[in-house]
Amino acid sequence: MSNVFLFSNNDYSIKNFLAIFFNNYPKKHINISENYKISFQNPIEMCDMISAIIDNKEKFNISALINLDENFYLEVTSSNINNIIKYLYERYPY
């Protein structure tokens with residue numbers, strides 16, 4: 001299982017981002033504070049989310065870490081997003 005960890009200094013940034021990302025899922029149903037973990041069975045599925053986070057970084061002020069292997073975390077930034085996505089498609093070609 002692969003994970004994306006979201007962090008923000010603003011209590012509502014993650015909640016607002018997820019409500020929009022998940023097609024306006026009602027914000028009241030998302031119980032989130034300053035961090036949130038999302039798990040993916042297929043690591044390729046995280047590509048859309050991390051891309052959206054980077055594309056909307058100024059609007060939501062969210063940081064993200066991905067976890068593919070035990071005890072290894074990688075910060076997702078605008079300078080490494082393309083390499084991360086390329087790596088995910090090479091490592092998990094299914």
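# Notebook: a sheet, its helices and three asparagines

I began with a single contact, and found that the backbone nitrogen of T77 lies 2.7 Å from a polar atom of the side chain of N80. Before going further I noted that this is a predicted model.

**Entry on N80.** I looked up where N80 sits, and it lies in the loop between β4 (72–76) and α4 (81–91). Is N80 buried or exposed? With a relative accessible area of 17%, N80 counts as buried, because the cut-off for that word is under 20%. I then listed its contacts, leaving aside the neighbours within four places in sequence, and wrote down L74 and E75.

**Entry on the sheet.** I turned next to the strands and asked in what order they form the sheet. I read 4 strands in the order β2-β1-β3-β4, forming an open sheet with antiparallel pairing. β2 (35–40) and β4 stand at the edges with a single partner strand each, so one side of each has no neighbour in the sheet. I also noted the turn between neighbouring strands of this sheet, which is 25° on average when direction is ignored. As a reminder to myself, strands of a sheet pair through backbone hydrogen bonds, in either a parallel or an antiparallel way.

**Entry on β1.** I followed β1 (2–7) to each of its partners in turn. On the one hand, β1 and β2 run antiparallel and are joined by 6 bridges, and here I found L6 opposite Y36 in β2. On the other hand, β1 pairs with β3 (residues 63–69) over 5 bridges, again in the antiparallel sense, and V4 stands opposite I66 in β3. Why do I call β1 largely enclosed by the rest of the structure? I do so because 5 of the 6 residues of β1 are buried.

**Entry on the helices against the sheet.** I looked at α2 (residues 46–55) and saw that this helix lies across β1, β2, β3 and β4, running at about 20° to β1. The helix α4 also packs on the sheet, where it touches β3 and β4, and its direction makes about 25° with that of β3. How many residues of α2 are buried? I counted 7 of the 10, so α2 too is largely enclosed by the rest of the structure. The buried residues in α2 are M46, C47, M49, I50, A52, I53 and I54.

For α1 (13–21), I listed S13, I14, K15, F17, L18 and A19 as buried. When I asked what the buried residues of α1 pack against, I found β1, β2, α2 and α3 (57–60).

**Entry on the core.** I then looked up the largest nonpolar core, which has 26 residues, and noted that V4, L6, I50 and L88 touch the most other members. Which elements each supply at least two residues of this core? They are β1, α1, β2, α2, β3 and α4, and α2 gives the most, with 7 residues. I followed L88 a little further and, not counting residues up to four places away in sequence, found that L88 touches P43, I44, M46, C47, I50 and L68. Two of the names in that list, M46 and C47, were already in my notes as buried residues of α2.

**Entry on asparagines with positive phi.** I went through the backbone angles and stopped at N23, which follows α1 and has a positive phi near 55°. N61, a residue other than glycine, has a positive phi as well, near 55°. I placed N61 in the loop between α3 and β3, and I call N61 partly exposed because its relative accessible area is 47%. For N71 I read a phi near 65°, again a positive value in a residue other than glycine. Where is N71 found? The loop between β3 and β4 holds N71, and with a relative accessible area of 64% this residue is exposed, because that word applies over 50%.

**Entry on D11.** Last, I looked at D11, which lies in the loop between β1 and α1. D11 is partly exposed, with a relative accessible area of 39%. I checked its separation from E34, 23 residues apart along the chain, and the C-alpha atoms of D11 and E34 are separated by 5.2 Å.

Technical notes
Residues are numbered from 1 along each chain as its sequence is written. This is a predicted model: local features need pLDDT of at least 70, side-chain atom pairs count only at pLDDT 80 or more; totals for chains, interfaces and linings use all residues. Side-chain values use heavy atoms; hydrogens and water are left out. Buried means under 20% relative accessible area, exposed over 50%, partly exposed in between (1.4 Å probe, protein chains only). A polar contact is a pair of N or O atoms within 3.5 Å; within protein, one must be able to donate a hydrogen and the other to accept it, and residues adjacent in sequence count only if both atoms are side-chain atoms. Contact means heavy atoms within 4.5 Å. Two strands pair if DSSP finds at least two bridges between them. Axes are lines fitted to C-alpha atoms, for helices over the stretch in contact, and angles run from 0 to 180 degrees between N-to-C directions. A nonpolar core is a set of buried Ala, Val, Leu, Ile, Met, Phe, Trp, Tyr and Cys residues joined through side-chain atoms within 4.5 Å.
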